[in-house]
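Student: Could you go through this structure with me? I keep meeting words like "buried" and "salt bridge", and I'd like to see how each one is earned.

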Amino acid sequence: MSAVRVAIAGSSGSVGTQTLDVVRAANALEGIGRYEVVALGVHSSVDVLVQQALEFRPKVVAVADPSKRAAVAAALPFVTVVADFADLVEPADVVVNAVVGFAGLDVTVRTLAAGKRLALANKESLIAGAPVVQPLRHTPGAELVPVDSEHCAVHQCLRSSAFADREVSRIVLTASGGPFRGRTAESLADVTVDQALAHPTWSMGPKITIDSSTLMNKGLEVIEAHELFGTPYDHIEVVVHPQSVVHSMAEFTDGSTIAQLSMPDMRLPIGYALAYPARIGTPFGRIDWSSLGRLDFEAPDTVTFRCLGLAYQAGRTGSTAPAWLSAANEVAVDAFLQGRLRWAQIADVCDAALQRYEPGADSTVADIVAADARARVVAQEELPG
Ligand code: MG
């Protein structure tokens, strides 16, 4: 069996480094050569990139920051150094898109257009880019496998039905509730960046961790589930499950619910996306049932955590509305991380920007980029002076 050639766009981040963990573990268990890392890309974390390249010996590395490119070329004389993440696609069988935010759209589009498997951790590109990404999923050979714990769970649950397109009655996405679960809006008025970054169950990058604290992440995941699985919004629900052990569920027309469980460990969904339809031989997130204790479930507090409802609203509007909301959210989260916005105002900015949504063309990548850019301008205008 020849090696599966893997490219990682965004290799220095949380999903990127954990993908390399999975490759290391799978190769150690199954013999060197199960996975070959052929391409790596970072924005500007070149020290991490150089270490990774010295270990994995890729053919190509991409460095988005032009000021860092020459140093990388000098440190890695055996590697082709490029500027564009799209150049990571060509040598690979599987492209892991772990870019943060809307900037990941290009990798998503290029991978599917090339007829390759996309292991998608960059949910924003599917959410915002759906009008142009969905047709590309029909490219011969193209395959989209989610690297998001909830959607990986649903993907697994749907395999229990031979007729999932007509036998799914409901998808239930679980949410940890983030660090502020159970808090009232009043008590959240003055929370700090550090408090919002202290996720109770998952260790992730700052953007998605803030999104988890506002439930925007879960809202975006509702849109992601709709786009991935074609499930109508009325049939996608969110339930808060603080232990993050049940990663999501599918309910079928006969009343059966199938759930996928593991301890929270992103290496499981990463390994699933690399190996699908097989499974890797290295366990991540195995459950010790004797110490697991209890699993709790409760309805989300949509009054305090308004971003969840905003995402449903944008999703139901469709077209470029999800791109619009996602872009506004990126602006708001950036402003919060920079201390220019209070936590509670993230939802205010997203809400105000969404109310100013301007429908437009959505048939090309340029249309999506234009909607994203316009939403950023609108969101900037909604930031407090
Ligand atoms: Mg998730």
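Tutor: Sure, we'll take the labels one by one and set each value against its cut-off. Keep in mind that this is a predicted model.

Student: Okay, salt bridges. What makes Arg-316 and Asp-234 a salt bridge?

Tutor: Their closest N and O atoms are 2.7 Å apart. The cut-off is within 4 Å, between a side-chain nitrogen of Lys or Arg and a carboxyl oxygen of Asp or Glu, so this pair qualifies. The two residues sit in distant parts of the chain, 82 residues apart: Arg-316 is in helix 13, and Asp-234 is in the loop between helix 10 (216-229) and strand 9 (236-240).

Student: And why would two side chains pair at all?

Tutor: Opposite charges can pair when the charged atoms come close.

Student: How do you know whether Arg-316 is exposed or partly exposed?

Tutor: Look at its relative accessibility, which is 49%. Exposed means over 50%, so Arg-316 ends up as partly exposed. Asp-234 has 58%, so that one is called exposed.

Student: Why is the pair of Glu-298 and Arg-181 called a salt bridge?

Tutor: Here the closest N and O atoms are 3.6 Å apart, and the limit is 4 Å, so it counts. This pair also links distant parts of the chain, with the two positions 117 residues apart in numbering. Glu-298 belongs to the loop between helix 12 (289-292) and helix 13 (307-317), while Arg-181 belongs to the loop between strand 8 (168-175) and helix 8 (193-197). Glu-298 has a relative accessible area of 33% and Arg-181 has 37%. Partly exposed covers what lies between 20% and 50%, so the label fits Glu-298, and it fits Arg-181 as well.

Student: What makes Glu-330 buried?

Tutor: Its relative accessibility is 13%, and buried means under 20%, so Glu-330 passes. Its salt-bridge partner is Arg-376, with the closest N and O atoms 3.1 Å apart. At 22%, Arg-376 is not under that 20% line, so it is partly exposed. Glu-330 is in helix 14 (residues 321-337) and Arg-376 is in helix 16 (residues 365-382).

Student: How many salt bridges does the rule give?

Tutor: The count comes to 26. Some are joined up: Lys-123, Asp-148, Glu-150, Lys-218 and Glu-221 form a linked network.

Student: What makes Asp-148, Glu-150 and Glu-221 donors to the magnesium ion?

Tutor: They coordinate the ion at 2.0 Å, and a donor atom has to be within 2.8 Å, so they qualify. Along the sequence, the spacing of the donors is D-x1-E-x70-E. Glu-150 in helix 6 and Glu-221 in helix 10 are 71 residues apart, and both of these glutamates are buried.

Student: Why is Ser-11 called buried?

Tutor: Its relative accessible area is 0%, and under 20% is what's needed, so Ser-11 is buried. You'll find Ser-11 in the loop between strand 1 (4-9) and helix 1 (14-30). Beyond its sequence neighbours within four places, its contacts include Gly-16, Leu-40, Val-42 and Gln-52.

Student: How do you know that Tyr-272 is buried?

Tutor: At 4% relative accessibility, Tyr-272 is under the 20% limit, so it counts as buried. Tyr-272 lies in helix 11, and among its contacts outside the nearby sequence are Val-145, Cys-152 and His-155.

Student: Which elements cover the buried residues of helix 15?

Tutor: The cover includes helix 8, helix 9 (206-214), helix 10, helix 13, helix 14 and helix 16. Among the buried residues of helix 15 are Trp-343, Ile-346, Val-349 and Cys-350.

Student: Last one: how many cavities of 30 Å³ or more does the search find?

Tutor: The search finds 1. The largest cavity holds about 40 Å³ of space, and its lining includes Ser-149, Cys-152, Trp-202 and His-247. Helix 6 (149-158) and helix 11 (267-275) each give two or more residues to that lining. By class, the lining has 5 nonpolar, 4 polar and 1 charged residues.

Note on methods. Residues numbered from 1 in each chain as written. Predicted model: local features only at pLDDT ≥ 70, side-chain atom pairs only at ≥ 80, totals over all residues. Heavy atoms only, no water. Helix = DSSP H or I, 4+ residues; strand = E, 2+ residues; numbered from the N terminus. Buried < 20%, exposed > 50% of the residue type's maximum accessible area, 1.4 Å probe, protein only. Contact = heavy atoms within 4.5 Å. 1 Å grid on protein atoms, 1.4 Å probe; cavity = no way out; pocket = protein on both sides within 12 Å on 5 of 7 lines; lining within 4 Å. Points joined across faces, edges and corners; volume = space filled by probe spheres on them. Nonpolar A, V, L, I, M, F, W, Y, C, P; charged D, E, K, R; others polar. Donors = N, O, S within 2.8 Å, 3.2 Å for Na, K, Ca; no water.
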